[in-house]
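Here are my notes after going through the model you sent. They are in numbered points, so pick whichever ones you want to argue about.

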Amino acid sequence: MSSEQNPATPKSTGNAGNTGAGEDTEHAGPRPRRLTYAAALVALEGLALVVGGLWILVLGVTGDPDDRQQAVTGGVTLVVLALLPLLAARGLLGRRSWSRGPAVITQIMALPVAYNLLQADSMAIPAGIALAAAAVAALVLIVNGETTRALGIRGPGNAGDADSGVRK
């Protein structure tokens with residue numbers, strides 16, 4: 001019975017070459033630290049969105065907001081938006097090539113938010129500094145060459161069949 005439960009072991013090694021781009025790189029060696037750091041920063045941003053959304057949601061339900069429906073909608077929206085960086089972080093840790101796009105989009109969206117926080121004359125300025133620093137650091141880590149190679153992303157002109165074209 002145990003031999004019937006473990007037939008997936010030979011199949012997983014046989015299908016390694018048949019998987020999509022980026023998925024077969026997970027066995028190509030250890031994950032680069034830069035990729036792990038990028039995933040951690042993206043996950044941290046996702047968790048911050050979840051915490052902020054839940055905070056707004058709880059305050060909207062239990063407190064005395066100007067518009068309870070707007071507070072609840074804003075809280076739920078932040079929690080749902082947190083799915084993008086959290087899924088991207090999971091993909092980065094799994095060395096999935098698709099995860100770089102959502103991770104970059106998250107950082108690009110974070111930069112205007114950080115700018116607006118920096119324009120405030122309040123306690124939001126330190127949060128703006130932290131968000132800007134995290135977004136820039138994550139962008140640098142995500143577009144780094146080592147990270148790109150670990151995700152199995154090839155740039156233009158580096159495709160496998162690009163050299164088969166006619167050159168003069």
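1. Start with Thr-106. Setting aside neighbours within four places in sequence, Thr-106 is in contact with Glu-45, Leu-84 and Pro-85. Thr-106 sits in helix 6, and its relative accessible area of 7% is under the 20% cut-off, so the residue counts as buried. One of its partners, Glu-45, is on the list of buried residues of helix 3. Keep in mind throughout that this is a predicted model.

2. Now the overall picture. The protein chain has eight helices and zero strands, so the string of elements from the N terminus on is simply α-α-α-α-α-α-α-α. Of its 168 residues, 25% count as buried. The accessible surface comes to about 11,000 Å², and carbon and sulfur atoms own 63% of that. Looking at contacts with a separation of 6 or more, 68% are between residues 24 or more positions apart.

3. Helix 3 covers residues 33–62. Does its length add up, and what should its 30 residues span at 1.5 Å a residue? The expected value is 44 Å, and the end C-alpha atoms are 43 Å apart, which agrees. The buried residues here are Leu-35, Ala-38, Ala-39, Leu-41, Val-42, Glu-45, Gly-46, Gly-52, Gly-53 and Gly-60. They pack against helix 4, helix 5, helix 6, helix 7 and helix 8.

4. Helix 7 (residues 124–142) gets the same check. With 19 residues at 1.5 Å each, a span of 27 Å is expected; the end C-alpha atoms are 26 Å apart, which agrees. Its buried residues are Ala-124, Gly-128, Ala-134, Ala-135, Ala-138, Leu-139, Leu-141 and Ile-142. Which helices do these pack against? The partners are helix 3, helix 6 and helix 8, the last being residues 145–150.

5. The contact between helix 6 and helix 7 can be followed residue by residue. Ala-114 lies in helix 6 and is buried, at 1% relative accessibility. Beyond its neighbours within four places in sequence, Ala-114 is in contact with Gly-128, Leu-131 and Ala-132. Its C-alpha atom is 7.6 Å from that of Ala-127, a residue 13 places away along the chain. Seen from the other side, Ala-132 is in helix 7 and touches Leu-111 and Ala-114, again not counting residues up to four places away. The C-alpha atoms of Ala-132 and Leu-118 are separated by 9.2 Å, with their positions 14 residues apart in the numbering.

6. On to the largest nonpolar core. It has 17 residues, and those touching the most other members are Leu-35, Leu-41, Val-42, Leu-92, Ala-103 and Ile-142. Helix 3, helix 5, helix 6 (100–119) and helix 7 each supply at least two residues. As background, nonpolar side chains in soluble globular proteins tend to be buried together. Take Leu-92 for a close look: leaving out residues up to four places away in sequence, Leu-92 touches Arg-31, Leu-35, Ala-38, Ala-39, Val-42, Ser-99, Arg-100, Ala-103 and Leu-151. Among those contacts, Leu-35, Val-42 and Ala-103 also appear in the list of core residues that touch the most other members.

7. How many salt bridges does the structure hold? One. The side chains of Arg-34 and Glu-146 meet at 2.9 Å, N to O. Arg-34 is in helix 3 and Glu-146 in helix 8, so the pair ties together parts that are 112 residues apart in sequence. Are the two ends buried or partly exposed? Arg-34 is partly exposed, with a relative accessible area of 36%, and Glu-146 is partly exposed too, at 30%.

8. Last, the outside. Val-76, Val-80, Leu-83, Leu-87 and Trp-98 form a nonpolar patch on the surface, and together they have about 480 Å² of accessible area. Helix 4 (68–81) and helix 5 (83–93) each supply at least two of the patch residues; Val-80, for one, belongs to helix 4. Helix 5 therefore turns up twice in these notes, in the patch and in the largest nonpolar core.

How values were computed: Residues are numbered from 1 along each chain as its sequence is written. This is a predicted model: local features need pLDDT of at least 70, side-chain atom pairs count only at pLDDT 80 or more; totals for chains, interfaces and linings use all residues. Side-chain values use heavy atoms; hydrogens and water are left out. Patches are made of residues with over 30% relative accessible area and no salt bridge: like charges are joined within 9 Å, nonpolar side chains (Val, Leu, Ile, Met, Phe, Trp, Tyr) within 5 Å. Accessible areas come from the Shrake-Rupley method with a 1.4 Å probe; for residues, only the protein chains shown count as cover. A salt bridge is a side-chain nitrogen of Lys or Arg within 4 Å of a carboxyl oxygen of Asp or Glu. Helices (H or I, at least four residues) and strands (E, at least two) are DSSP runs, numbered from the N terminus. Contact means heavy atoms within 4.5 Å. A nonpolar core is a set of buried Ala, Val, Leu, Ile, Met, Phe, Trp, Tyr and Cys residues joined through side-chain atoms within 4.5 Å. Buried means under 20% relative accessible area, exposed over 50%, partly exposed in between (1.4 Å probe, protein chains only). The expected span of a helix is 1.5 Å times one less than its number of residues.
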